[in-house]
Structures are given as C-alpha cells and as structure tokens.
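New to this one? Here is a quick briefing to read with the structure open beside you.

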Amino acid sequence: MDYLNKLLFGKDFKWGVSTAAFQIEGACDADGKGKSIWDTFTAQKGKIFSGQTAGIACDFYNNYKADIDLIKKLNIPNFRFSISWTRVLPNGTGEINQAGIDYYNQVIDYCLSQGIEPWVTIYHWDLPQVLEDQGGWTNRKVVDWFISYTAICAQHFGDRVKYWMVMNEPSVFSGAGYFFGIHAPGRTGLKNFLPAIHHIVLSLAAGAKKLRELLPEAEIGTTFSCSHIEPRSDSKRDIKAANVADALVNRLFIEPVLGLGYPMSEIPVLKGLEKYFQPGDEQNMSFDFDFIGLQNYTREIIKYSFFTPYIQASQVKAKDRNVPITAMGWEVYPPAIYHVIKKFDAYPQIRKILITENGAAFPDQVIEGEVDDLRRAEYLQTHLQQILKAKQEGCKVDGYFVWTLTDNFEWAEGYHPRFGLIYVDFDTQERIVKSSGKWLAGFLKE
Ligand code: NOJ
C-alpha cells in the first residue's frame, strides 16, 4: 500500500472526518434543548435495535474538547458536524435558546483554536418534534421554517464557519422516515413520501439561497447518499429495474437541485409530485452549489421484481451473493466509489465533488487495550485508491471525509455497528484509537 501517499491527491485536497449531532452529542434535554423527531422515535418500543436510545450517545456535548483533541491527534484538518435544530430553536421556530448558540460557538471556537476547520451540516435528520406535529416535511410551511433556522445558523456561526452543507442525504431521511417508517418520524406510504420529497427539495434550494445571501464568501454544498447500481443479469427486465433503482437512489434529489427536474420518466409514480407543485416551484428547486458531497459505502445489485410496488425492482442482498460484507450487511466493493465519482463527474452542473462520507462498520474487539481493525484500515485504503484513480483520470473530486470519528448511535441499528476510527466503551465513555485511526494519522502526517 506504500504508493498511497496523500500528496498524490494534491495539496488542496480536503481531508476530514464526519459526524452528526444526534449520533454523538447525547445531552438530549440539556440546557433548554427541545425534542426532535429522533428523541420521540427512539423512545418508542420496537423501533431501535435492542431498545437503545441516544440520550447519552458519545456524550460529545460534554466532552467535545477531548474528542476534538483526538481529531487533532489523528492529524485530521477538517471536522464535519451538524447543528441540532432543537438546541438552537427548541420549538423549531420562534425563540432562540441562547445556551444552544453558546454551545456551538464553543465547539467552533475550540476547533479553530486547534487549527481544525469546522464544516457544518445544517440538517442531519433531527427535525423538531413541534414541527413534525404540524406535518413535518409534508407541510409546505417547512420551507419557511427551514429558511429561518438556516438564517439563524448563518447569523450566529457564519463569521467563523466557511464550509456549509445544507442537508444530509435527503433520499434516506425521506425514504426511511416518510415511506418505510423505519426511521423517525416513522411515517409510511406515498401520501407522506411525495409531499416530503417536494418540500425537502424546495427547502434545500431555499436554505442554500439564504446562506448565499447572508454569507457571500461561504462555500456552500449539500450531501447525497449514492450507491453504484448494477443489474443482476443482462436481461431487459433486470436492466430496466436497475435503471429505476438508480433514478430512485441516486437521481431523485440531485437532479431537481441541479435544475434537471425529477426523474419522472423512469419512475412514473413520481408524477404524483405534480399535485404539490405551485407556480414558480420549477425555478425554486435548484441552486448552483459550490460543491456536492457524495456519500458512498457500497454497491447494489438489482433485479426485476414483479411484487415490489411502484418500481418493480428489488435488491439482491449482499449476504446472498457470497461477497465480503460489513456489520451493516453492505458489500465491501471499493470500485463502487470510483463508479459513483465517474457518474456524477459527468454532470456539467456539478462544480466540485467531495466525498463527505465513506467508511465501514465491523465487529471490533478490544484485546489487551487495543482495537486492531485491519479490515477497516484496508477498507479506507482500497477506497482511497479508487478515488485517486478517478482523480488521476481528471474527475473533479477534491476531498475525502471518513465516516466517522468515534463509534456512535447508528440510527435504527443502535450502537452495534461500530463505524469509528476511535472505539467507544459506551459504559465508561472511554476512547481507544483503533489501528485504522493510527493508520490515518500516519497517512495524514505532514
Ligand atoms: C449516512 C448518514 O449520513 C450517517 O448518519 C450514517 O451513520 C452513515 N451514513 C452510516 O450509515
């Protein structure tokens, strides 16, 4: 692996690590914080693996300095984290909670004092419960709620934060949260999914415009989850199914944002979105982002499936394909990230690509005080080789952020999938830098 040298990626390449508020902070009702849909969802029976909650999580709220010190120790120059909407606005709109503002100011200031650049995600899935009670993303008023929240973030943190990501993975929080009901707020069906999609797209563009207006110097991006998709066979039906899955997984949100509209011809059921359109929406769905964050973990093999409603496509699960898998059941397939970069590099509307998440969960074990996670180190190295290949072929990919710093709360999966470069003992909050973290620290060393 010795030819993998960070200098090959160029001196302007951004190296970082990504996190999200709900997954690490804990302190779920500290200092005036309001409830988010994830506080409500995790309190319900049967929603989360083993009934786990994120009330404490990694206790980053109280230990942020120690964790930022670890980022520094790993030689990682950029730290991506999200703002918890209800820490700042406990009721989603209206009165600001000064303690929440103070907290993020301290986190930002501490990063800067340590020479670490803060990268802020405005929305990483934790919608205020008060807003969900009024329909959440299905209520068109969410666009105004989101603009006000974004403006508050810009006004309070924008003097020091240069890099912004408006939203994280819209297809996941809308699909899992408003169609399948396996993530908060647990809604199901097209009647929730379709209005949520449209209001998310409008909010994303409107939030980005607000940032641009208030912070003309900022670098504004947003992040999308994307998988490399392949048909199971060369049959026409499988190829068509793979195209439909690709439109749903990879194109549904990015294309309207780039000004290309929804991929309705591939997914006819999306015609139902028209009901939620108002005059002017077509123009208000897009924004010229400075960068697009792509988040890739795996590839999907897709087959025709008569019984799957709306799309007639389904996955051939990795566990049934005799391939290496992670603790999430996702195939380890490094070329996926190369194909994803190539695919999005081909959109002329995209100025710059950053990989804002990539990483893997494996069943780590502490042996004599050490976590020797060779598979994770290898996962990162082999994915970086693929990114380098894309870059050397001229793709506009300019950054790589590992998911994630410490083991944390993996949504409906609770704490069992460990994605961290740093192991967390959730009983004691003790941290152990894993071998993968040590490898990265060496790789990033000046
Ligand atoms: C996507 C999400 O942004 C993040 O919250 C999640 O933990 C990771 N990927 C891993 O599933």
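P185 sits in the loop that runs between α8 (170-178) and α9 (190-214). The peptide bond leading into P185 from A184 is cis, with omega near 5°. Keep in mind that this is a predicted model. The points below start with that loop and other backbone oddities, then go on to the ligand, two helices and a strand.

**The loop between α8 and α9**
- G181 belongs to this loop between α8 and α9 as well.
- With a relative accessible area of 13%, G181 falls under the 20% cut-off, so it counts as buried.
- What does G181 touch, once neighbours within four places in sequence are set aside? The contacts are F41, G175, A176, G186, R187 and T188.
- For a sense of distance, take G181 and K236: they are 55 residues apart along the chain, and their C-alpha atoms are separated by 32 Å.

**Other unusual backbone spots**
- As background, most residues other than glycine have a negative phi, and most peptide bonds are trans.
- Which residue does a cis peptide bond join to W403? The partner is T404, and omega there is about 15°.
- T404 is in the loop between β11 and β12 (422-425).
- D59 isn't a glycine, yet its phi is positive, near 50°.
- You'll find D59 in the loop between α2 (37-43) and α3, and it counts as buried because its relative accessibility is 16%, under the 20% limit.
- N75 is another non-glycine residue with a positive phi, this time about 65°.
- N75 lies in the loop between α3 and β2 (78-82). Its relative accessible area is 30%, which lies between the 20% and 50% cut-offs, so N75 is partly exposed.

**The ligand**
- There are 13 residues around the ligand, and those coming nearest are Q23, N168, E357, E410 and W411.
- By type, the shell around the ligand splits into 6 nonpolar, 4 polar and 3 charged residues.
- E357 shows up again in the polar contacts: an N or O atom of its side chain is 2.7 Å from an oxygen atom of the ligand.
- W403, from the cis bond above, also reaches the ligand, with a side-chain N or O atom 3.3 Å from a ligand oxygen atom.
- Y297 has a polar side-chain atom 3.2 Å from a nitrogen atom of the ligand.
- How much of the ligand does the protein bury? Taken alone the ligand exposes 300 Å², and 96% of that is buried by the protein.

**Helix α14 and R376**
- Does the length of α14 add up, and what should its 19 residues span? At 1.5 Å a residue the expected span is 27 Å, and the end C-alpha atoms are 27 Å apart, so the two agree.
- After α14 comes G394, with a positive phi near 100°.
- R376 is part of α14.
- Is R376 buried or exposed? R376 is buried, because its relative accessibility is 2%, under the 20% cut-off.
- A polar atom in the side chain of R376 lies 2.6 Å from the backbone oxygen of R418.
- R418 is also among the contacts of R376 that leave aside neighbours within four places in sequence; the others are A360, A361, F362, D364, F419, G420, K434 and S436.

**Helix α15**
- S436, one of those R376 contacts, is also one of the buried residues of α15.
- The buried set in α15 is S435, S436, G437, L440, A441, F443 and L444.
- Why is α15 described as largely enclosed by the rest of the structure? It is because 7 of its 10 residues (435-444) are buried.
- Those buried residues pack against β1 (14-18), α3 (60-73), α14 (374-392), β11 (397-403) and β13 (430-433).

**Strand β6 and I229**
- I229 has its place in strand β6 (residues 228-231).
- The relative accessible area of I229 is 14%, under 20%, so this residue is buried.
- I229 and I301 are 72 residues apart along the chain, and their C-alpha atoms are separated by 6.0 Å.
- Not counting residues up to four places away in sequence, I229 touches A242, A245, D246, V249, N250, E300 and I302.

How values were computed: Residues numbered from 1 in each chain as written. Predicted model: local features only at pLDDT ≥ 70, side-chain atom pairs only at ≥ 80, totals over all residues. Heavy atoms only, no water. Buried < 20%, exposed > 50% of the residue type's maximum accessible area, 1.4 Å probe, protein only. Helix = DSSP H or I, 4+ residues; strand = E, 2+ residues; numbered from the N terminus. Contact = heavy atoms within 4.5 Å. Near = heavy atom within 4 Å. Polar contact = N/O pair within 3.5 Å; in protein donor to acceptor, adjacent residues only side chain to side chain. Areas by Shrake-Rupley, 256 points an atom, 1.4 Å probe, with all protein chains shown as cover. Nonpolar A, V, L, I, M, F, W, Y, C, P; charged D, E, K, R; others polar. Expected span 1.5 Å × (residues − 1).
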